[in-house]
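Reader: I'd like a close look at one part of this model, the enclosed space inside it. Could you walk me through what surrounds that space, and then work outwards from there?

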Amino acid sequence: MKFELKKSHIAAAVALALSGAAFTTAHAAVTITDGAGTSARIADAGYFASGGLGLSYLGKEFVNWDTEASNYTLTVGGVKVGGASADEVFGSNPLGASVIGPLFGGTTAITANFGDPNGVKWSIFETVRISAPGHVLVQVGLTNIGTTIAKDVEWSVGIDPDQGRNSLPNGPGNWTHNVINATGFGSSVSATSHDGLSLTLANVTGGTAVGIASYIDTACCSPVTASTIFGAGQAAGYISDGDYSINLAYRLGDIAPGYSSSIAYEYIMAVPEPETYAMLLAGLGLIGFSARRRISA
């Protein structure tokens with residue numbers, strides 16, 4: 001399946017950036033829903049807003065517990081341009097972006113224009129929409145609006161899945177079973193909590209990327225650069241359990257003045273059927289009861 005940003009959308013974002021009318025004031029986070037239990041609240045920077053709901057499905061919140069972190073980084077020529085963590089207490093918005101919307105039938109758009117340490121001028125246009133129940137699709141377009149070629153452009157995205165807090169606030173908590181499902185253009189990484197709630201971060205297009213990789217960050221939960229992710233070389237089947245973040249990295253190569261690069265990835269949430277969910281909770285309750293009996297003995 002292939003998703004691409006429309007040229008008209010990128011052109012509109014560039015026109016807005018050049019008009020000087022945007023990016024001077026922050027806006028309230030924009031919430032999109034599908035009426036079928038999927039909800040995403042997007043901050044100015046383009047990641048999930050902290051505080052309250054951030055990313056949820058069927059009444060289960062997947063990110064905003066404990067450390068509320070979704071993030072991204074952009075590097076050009078090996079130099080980090082921006083990285084953001086979804087804790088808005090610190091005002092994280094390194095690219096000076098603004099959120100607008102809902103647009104295009106419920107889609108949220110994030111736009112920004114900025115310069116990087118290499119002297120390249122950029123316009124970014126990101127859209128976020130619910131593509132199916134439990135699926136939140138993000139499309140990112142980077143346009144070089146300057147006169148300098150951008151060398152070795154890389155993008156990474158990550159999220160700290162803490163959905164395990166939904167059922168047992170004082171129980172196992174934020175631990176997840178994390179696994180690399182695939183690497184390359186089929187890159188996908190999943191995190192499943194003790195009660196069977198799963199969150200998958202998956203690439204859904206080749207776009208203009210020349211390389212894609214999956215990654216589990218055992219340090220959690222700051223932004224991880226693409227070079228770190230590619231350097232780790234985590235292969236399909238790699239497993240690491242804990243309160244960790246899941247990530248994707250993109251190599252976009254060189255972007256000449258007047259040209260754009262686009263990518264797309266999807267957050268996929270799954271909640272067990274009610275019967276399965278009840279059995280999981282019952283099993284966890286028995287484990288807790290057994291542990292208490294051993295302690296009292």
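Author: About 90 Å³ of space lies in the largest cavity, and with a 30 Å³ minimum the count comes to one cavity. Keep in mind that this is a predicted model. The lining is made up of 15 residues, and Gly-46, Tyr-47, Glu-126, Tyr-265 and Tyr-267 are the ones that lie nearest the centre. As for where the walls come from, the elements giving two or more residues to the lining are strand 5 (70–76), strand 9 (121–132), strand 11 (150–159) and strand 18 (260–270). Sorted by class, the lining has 10 nonpolar residues, four polar ones and one charged one.

Let's take Tyr-47 from that central group. Is Tyr-47 buried or exposed? Tyr-47 has a relative accessible area of 4%, so it counts as buried, the cut-off being under 20%. Its place is the loop between strand 2 (38–42) and strand 3. Tyr-47 also has a partner from far along the chain: Ile-110 is 63 residues away in sequence, yet the two C-alpha atoms are 9.6 Å apart in space.

Two other cavity residues take us into the packing. Tyr-265 and Tyr-267, which lie among the residues nearest the cavity centre, also turn up among those with the most contacts inside the largest nonpolar core, together with Leu-55 and Trp-155. That core has 57 residues. In soluble globular proteins, nonpolar side chains tend to be buried together.

Which residues does Leu-55 touch, once those up to four places away in sequence are set aside? Its contacts include Tyr-267 and Met-269, along with Phe-48, Phe-62, Val-63, Val-136, Ile-159 and Leu-199. Ser-39, Ala-40, Lys-60 and Glu-61 are touched by Leu-55 too. Apart from this core there is a second, separate one of seven residues, and Tyr-215, Val-224, Ile-229 and Phe-230 are included in it.

Back to Tyr-267, because there's another route out from it: His-135 is in contact with Tyr-267, and the definition of contact is heavy atoms within 4.5 Å. Leaving aside neighbours within four places in sequence, His-135 also contacts Thr-38, Arg-129, Ile-130, Glu-266 and Ile-268. With Glu-266 there is a polar contact, side chain to side chain, at 3.5 Å. His-135 belongs to strand 10 (residues 135–144). Its relative accessible area is 22%, so His-135 falls in the partly exposed class. Thr-200 is 65 residues from His-135 in sequence, with 9.5 Å between the C-alpha atoms.

Now for the stretch that follows Leu-55. Leu-58 sits in the loop between strand 3 (55–57) and strand 4. With a relative accessible area of 45%, Leu-58 is partly exposed. Its backbone deserves a look as well: phi is positive, about 50 degrees, although Leu-58 is not a glycine. Most residues other than glycine have a negative phi, and most peptide bonds are trans.

Further along, Glu-68 lies in the loop between strand 4 (60–61) and strand 5. Glu-68 is partly exposed, at 22% relative accessible area. A polar atom of its side chain lies 2.7 Å from the backbone nitrogen of Gly-51. Gly-52 is 16 residues from Glu-68 in sequence, and their C-alpha atoms are 9.9 Å apart.

Since you'll probably be checking the backbone anyway, where are the cis peptide bonds? One joins Gly-101 and Pro-102, with omega at about 5 degrees, and Pro-102 is part of strand 7 (residues 98–103). Another joins Cys-220 and Cys-221, where omega is about 15 degrees. Cys-220 has a positive phi of about 50 degrees although it is not a glycine. Both ends of that second bond belong to the loop between strand 15 (211–217) and helix 2 (226–232): Cys-220 is there, and so is Cys-221.

Stepping back to the whole chain, the secondary structure comes to three helices and 18 strands. Of the 297 residues, 52% are buried. Among contacts between residues at least 6 apart in sequence, 64% join residues at least 24 apart.

Note on methods
Residues are numbered from 1 along each chain as its sequence is written. This is a predicted model: local features need pLDDT of at least 70, side-chain atom pairs count only at pLDDT 80 or more; totals for chains, interfaces and linings use all residues. Side-chain values use heavy atoms; hydrogens and water are left out. A nonpolar core is a set of buried Ala, Val, Leu, Ile, Met, Phe, Trp, Tyr and Cys residues joined through side-chain atoms within 4.5 Å. Buried means under 20% relative accessible area, exposed over 50%, partly exposed in between (1.4 Å probe, protein chains only). On a 1 Å grid over the protein atoms alone, a cavity is a set of points where a 1.4 Å probe fits but cannot get out, and a pocket is an open set with protein on both sides within 12 Å along at least five of seven lines; lining residues have an atom within 4 Å of a point. Grid points are joined across faces, edges and corners, and a volume is the space filled by probe spheres set on the points. Helices (H or I, at least four residues) and strands (E, at least two) are DSSP runs, numbered from the N terminus. Ala, Val, Leu, Ile, Met, Phe, Trp, Tyr, Cys and Pro count as nonpolar, Asp, Glu, Lys and Arg as charged, and the others, Gly among them, as polar. A polar contact is a pair of N or O atoms within 3.5 Å; within protein, one must be able to donate a hydrogen and the other to accept it, and residues adjacent in sequence count only if both atoms are side-chain atoms.
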